Amino acid sequence: MPVLKRNGLSPHELTTLNMIHINDSCILRTLSEGVGVESPAMNRIMNSLEKKKLVCRQKDSRDMRYTYFTLTRAGVELVEKATPEVQEVEDKVLLALTEDERKQLFSSLRKLL
């Protein structure tokens with residue numbers, strides 16, 4: 001997908017950015033479950049996104065065991081710019097499928113989720 005290449009992102013990184021954008025702030029475990037990767041992999045993703053200055057982390061002032069992740073201004077801008085491009089690609093893929101194929105795809109996705 002051009003938006004990924006242009007911004008040096010992996011699909012998991014873009015999914016993570018979208019999750020944080022929708023949920024304001026997230027903890028590592030929530031992100032790991034939502035993206036479908038183990039915690040060590042999610043930690044590497046977060047380190048990469050932080051290095052790219054797209055996310056920042058903040059310790060919970062009441063419970064230092066929790067670290068919350070939020071998008072930086074650059075992260076918000078990237079997600080808002082990338083979302084229409086991703087939607088366009090998804091629409092093209094879905095339009096290439098027959099009605100039966102779309103039903104089967106959605107049925108399979110419901111079972112996975």
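Which residues in α3 meet which residues in α4? I shall open with that contact and then work outwards through the rest of the fold. Please bear in mind throughout that this is a predicted model.

On the α3 side, the residues are Leu28, Leu31, Ser32 and Val35. On the α4 side, they are Ser39, Met42, Asn43 and Met46. By class, this contact of α3 with α4 comprises five nonpolar residues, three polar ones and no charged ones. Helix α3 covers residues 28-35, and its axis lies 9 Å from that of α4, at an angle of about 105 degrees. The two helices, α3 and α4, are therefore roughly perpendicular to each other.

Let me now place this pair in the overall architecture. The protein has six helices and three strands. Read from the N terminus, the elements follow the order α-α-β-α-α-β-β-α-α. Along the principal axes, the C-alpha atoms fill a box of roughly 50 × 30 × 20 Å.

I turn next to the sheet. The three strands form an open sheet in the order β1-β3-β2, and their pairing is antiparallel. Why do β1 and β2 each have one side without a neighbour in the sheet? Strands β1 (26-27) and β2 (55-59) stand at the edges with a single partner strand each, so one side of each remains without a neighbour there. As a general reminder, strands of a sheet pair through backbone hydrogen bonds, in either a parallel or an antiparallel sense. Here, β2 pairs with β3, residues 67-71, in the antiparallel sense over five bridges. To give one position, Gln58 has Tyr68 in β3 as its bridge partner.

Helix α4 also has a relation to this sheet. Spanning residues 39-51, α4 lies across β2 and β3 and runs at about 115 degrees to β2.

The second helix that packs against α4 is α2. The angle between α2 and α4 is about 80 degrees, and their axes are 10 Å apart. That value makes α2 roughly perpendicular to α4. From α2, the contact involves His12, Glu13, Thr16, Leu17 and Ile20. These meet Met42, Ile45, Met46, Ser48 and Leu49 in α4. The contact of α2 with α4 divides into six nonpolar residues, three polar and one charged.

Glu13 deserves a further remark. Its side chain meets that of Lys52 in a salt bridge, with an N to O distance of 3.0 Å. Because Glu13 lies in helix α2 and Lys52 in the loop between α4 and β2, this pair ties together parts that are 39 residues apart in sequence. The structure as a whole holds seven salt bridges.

Finally, I come to α2 and α5. Helix α2, residues 11-23, packs with α5, residues 73-95, at an angle of about 115 degrees, with 10 Å between the axes. These two helices are therefore roughly perpendicular to each other. In passing α5, α2 makes a left-handed crossing. Leu14, Leu17, Asn18 and His21 are the α2 residues in this contact. Their counterparts in α5 are Val76, Leu78, Val79, Glu80, Ala82, Thr83 and Val86. Sorted by class, the contact of α2 with α5 has seven nonpolar residues, three polar and one charged.

One residue links the last two contacts: Leu17 of α2 takes part in the contact with α4 and also in the contact with α5.

Key
Residues numbered from 1 in each chain as written. Predicted model: local features only at pLDDT ≥ 70, side-chain atom pairs only at ≥ 80, totals over all residues. Heavy atoms only, no water. Axes fitted to C-alpha atoms, helices over the stretch in contact; angles between N-to-C directions. Helix = DSSP H or I, 4+ residues; strand = E, 2+ residues; numbered from the N terminus. Parallel < 35°, antiparallel > 145°, perpendicular 65-115°, else oblique. Left-handed = near helix turned anticlockwise from the far one by under 90°. Contact = heavy atoms within 4.5 Å. Nonpolar A, V, L, I, M, F, W, Y, C, P; charged D, E, K, R; others polar. Pairing = 2+ DSSP bridges. Salt bridge = Lys/Arg side-chain N within 4 Å of Asp/Glu carboxyl O.
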